[in-house]
Amino acid sequence: MEKYKVLLVEDDPLASQLIEIFINNSGRYTLEKSINSASMVGVYLIKNKIDLILMDVCTAFNANGLDAVEKIKKDYPEIKIIIITSQPEHSYLSRAKKVNVDSFWYKTVIAEEFITLLDKTMAGEHIYPDMTPTVMIGNAQSIDFTTRELEVLRLIVAGERDLEIAEHLGISLRTVKNHVQNLKDKTGMRNRTELAVRVRDAGFVIIDPKK
Amino acid sequence: MKDNNLLLIYINAIIMTLFFIITCMSIVLLFRIIKERKKFSKILLIVSTIISGLICTIFATEARTLKFSRELPDIIEKLLNIPVFVYIIIFVIFISIIVFTYINYNLDKKRKLSNASIKESLDKLPTGLCFARINGRVILSNNKMNYLSHNIIGMDLQNAMNFWNILSSGEVTEDIERLEYGENPSFKLNNGKIWTFSYTKLNDIIQIVASDTTELSEINSELKLRKEELLVLNDRLFKYGESVDELTRTKERIEIKVNIHRELGQAILATKSYLANKSNDSQSIINIWKKNIAMLKRQTEYVGNETPVSEFLKAAENAGVEVKITGNIPTDIDQNRLFVRAAVECLINSIRHANATTLYITVKEIENEIVIIYENDGEKPKQKIIEGGGISSLRYETEKLCGKIEIVSNPSYSLMIYLPKRKEKN
């Protein structure tokens with residue numbers, strides 16, 4: 001039986017090596033190429049036949065794996081794609097579904113679990129975790145925030161001021177201030193900078209510099 | 001009889017004098033209020049003048065009669081026979097009218113503003129004020145506005161329209177710093193004070209107001225400074241976000257290293273067990289060692305000095321396309337990323353649509369601009385290039401860096417990116 005050809009997009013060499021070992025030891029998959037930036041995937045796909053792409057979200061040179069997937073799925077709909085990430089970013093899961101990612105995997109170091117995911121994906125199944133891993137942001141759990149609060153939080157992390165957030169979301173300045181206050185109350189943070197740093201540290205909100 | 005006659009003469013003289021005084025006072029007061037809008041007071045005073053004058057005349061006539069012992073007409077006789085207290089009452093009434101009118105007149109005078117008092121009060125205002133006709137003829141201009149006119153345009157305020165035209169868009173004296181043009185022109189005087197002007201049209205009158213906005217300007221400057229500081233802080237926050245990615249990756253590496261360490265421990269234990277003849281599964285032990293050695297080997301190989309350009313060149317080589325770069329690749333991190341991003345897009349397009357084997361990238365620096373030109377040796381486009389999603393997002397990213405993008409289809413395909421030169425960041 002011919003082995004499935006895998007393209008790995010991962011910027012951490014150690015994680016990349018670990019996954020490479022998992023793949024090569026499986027006997028059913030072969031690692032065709034390992035690259036560190038999602039921005040280069042398009043070039044490799046021109047000359048190489050790939051069955052499965054394992055794509056990290058935050059890759060080298062600030063290339064977003066989910067953006068790359070959107071493009072790949074248009075040009076190569078037959079290629080199966082699995083998102084691999086260790087970031088509990090709350091928007092990744094929903095965005096992955098939106099761009100038709102086949103499966104989604106929060107990185108672990110357990111080989112069997114990983115190979116099973118690959119097998120199921122190649123068999124046509126879509127494997128997604130039920131929810132984004134819960135992280136603590138100060139006194140609050142990541143699930144404690146409302147959708148609007150998450151939107152405001154994202155823009156705070158992006159370095160926007162209250163007035164800019166209000167314009168961005170089409171809401172009043174007073175409402176933005178209320179949301180910011182609620183976020184501070186829930187997390188117990190003293191100010192927005194502390195809040196932004198903690199949220200970013202936890203990987204709960206990651207800003208794409210290109211957007 | 002002689003005593004009675006003498007008494008009558010005295011009484012006559014007193015009444016005549018009193019009514020003469022009333023007549024005089026009424027006439028004087030009447031002249032004073034003649035220009036006032038006090039119809040009722042005027043009528044009262046006229047009545048008072050006439051009646052008191054008449055009484056005065058009658059008693060004067062009586063006095064003459066007493067002196068010369070002549071016969072008097074009946075009507076005068078009758079009037080003279082009216083009791084004295086009636087004349088006293090009439091006197092009290094008239095004197096009250098005069099006093100009341102006089103007090104009222106004085107109060108009104110105090111309450112009423114004269115042109116001079118208006119000018120005087122406006123001169124004391126801290127703001128500059130000028131009222132003029134539509135044609136610019138000045139009706140009223142206070143001292144402050146005249147002072148400002150001298151300072152700013154170097155002459156008297158003679159025509160308000162000309163003054164406003166100079167303020168809003170004309171030339172002012174050399175030692176005055178103009179801060180704003182237009183609807184609210186603003187100037188900084190030699191003494192450091194900042195004055196802001198406004199223009200209002202009120203029916204057929206124009207009004208120019210000058211306000212001292214020094215304090216407001218200082219607050220605005222401070223606010224601007226704080227806003228800039230906030231922007232720097234926000235930018236730092238954003239950059240911090242990028243560096244956190246690296247931190248997260250480091251955490252991941254540590255987690256993997258911990259796992260390797262654990263597996264190495266297992267390998268040593270398994271080997272120890274095998275050597276002690278407690279296990280016969282040598283192959284699984286070999287596999288564990290192979291895996292661990294591979295991991296450790298890769299870790300030492302990793303030097304982490306890849307750049308977007310070197311990665312791109314590797315990818316191009318893998319795709320069988322030679323890349324020739326002339327000029328200096330932008331060093332600014334954002335521009336460098338865009339350079340590679342565009343190179344990737346052009347590389348894919350040149351393979352897919354032009355079967356190219358070489359991609360030429362030329363970087364030129366022209367004055368304050370960097371121009372990057374991407375060309376290939378492939379087939380020329382058969383028709384005009386239609387911009388797809390890749391180029392559109394490239395255009396968006398270029399515009400975010402205040403640059404622009406141009407695509408030429410004829411005679412051959414080339415993509416040009418124009419970027420402003422950026423200062424080196426410390």
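Two strands count as paired here if DSSP finds at least two bridges between them, and helices (H or I, at least four residues) and strands (E, at least two) are DSSP runs, numbered from the N terminus. With that in hand, β9(B) and β11(B) pair in the antiparallel sense, over seven bridges.

Some ground rules. This is a predicted model, in which local features need pLDDT of at least 70, side-chain atom pairs count only at pLDDT 80 or more, and totals for chains, interfaces and linings use all residues. Residues are numbered from 1 along each chain as its sequence is written, chains are lettered from A and ligands numbered from 1 in the order in which they are written, and side-chain values use heavy atoms, with hydrogens and water left out.

**The mixed sheet of chain B**

Back to β9(B) and its surroundings. Chain B has an open sheet of five strands, ordered β7-β8-β9-β11-β10, with mixed pairing. At its edges sit β7 (322–326) and β10 (404–408) of chain B, each pairing on one side only. From one strand to the next, the twist averages 15° (axes are lines fitted to C-alpha atoms, for helices over the stretch in contact, and angles run from 0 to 180 degrees between N-to-C directions).

On its other flank, β9 (residues 369–376) of chain B runs antiparallel to β8 (residues 358–366) of chain B, and eight bridges join them. Thr362(B) has Ile373(B) as its bridge partner in β9(B), while Leu359(B) is matched with Asn376(B). Ile373(B) also stands opposite Met416(B) in β11(B). The β8(B)–β9(B) connection is a hairpin with two residues between the strands, and Glu367(B) in the turn has a positive phi of about 50°.

How enclosed is β9(B) by the rest of the structure? Largely, because six of its eight residues are buried. Buried means under 20% relative accessible area, exposed over 50%, and partly exposed in between (1.4 Å probe, protein chains only).

Two helices go with this sheet. Helix α10 (residues 308–318) of chain B lies across β7 and β8 of chain B, at about 145° to β7(B). Helix α11 (residues 333–354) of chain B packs on the sheet too, touching β7, β8, β9 and β11 (414–420) of chain B, and its direction makes about 20° with that of β9(B). Contact here means heavy atoms within 4.5 Å.

**Hairpins and a buried isoleucine**

Chain B has further hairpins, built from β4 (residues 186–188) and β5 (residues 194–202), and from β5(B) and β6 (residues 205–212). Here they are beside the one already described.

| Hairpin | Residues between strands | Turn residue and positive phi |
|---|---|---|
| β4(B)–β5(B) | five residues | Gly192(B), about 90° |
| β5(B)–β6(B) | two residues | Asn203(B), about 50° |
| β8(B)–β9(B) | two residues | Glu367(B), about 50° |

β4(B) and β5(B) pair in the antiparallel sense over three bridges, and Ser186(B) has Thr196(B) as its bridge partner in β5(B). β5(B) and β6(B) are also antiparallel, over eight bridges, with Lys201(B) opposite Ile206(B).

Ile152(B) belongs to helix α6 (residues 143–153) of chain B. Is Ile152(B) buried or exposed? It counts as buried, because its relative accessibility is 0%. Setting aside neighbours within four places in sequence, Ile152(B) is in contact with Leu167(B), Val172(B), Thr173(B), Ile176(B), Phe187(B), Leu189(B) and Phe197(B). Its C-alpha atom is 9.4 Å from that of Arg178(B), which is 26 residues away along the chain.

**Chain A**

Chain A holds nine helices and nine strands. Of its 211 residues, 55% count as buried. Among its contacts between residues at least 6 apart in sequence, 67% join residues at least 24 apart.

Its open sheet has five strands in the order β2-β1-β3-β6-β7, and the pairing is parallel. At the edges stand β2 (29–35) and β7 (103–106) of chain A, each with a single partner strand, so one side of each is left without a neighbour in the sheet. The twist averages 20° from one strand to the next. Six bridges join β1 (residues 4–9) of chain A to β2(A), which run parallel, and Val6(A) has Leu31(A) as its bridge partner in β2(A). Helix α1 (residues 13–26) of chain A lies across β1, β2, β3 (52–56) and β6 (80–85) of chain A, at about 160° to β2(A).
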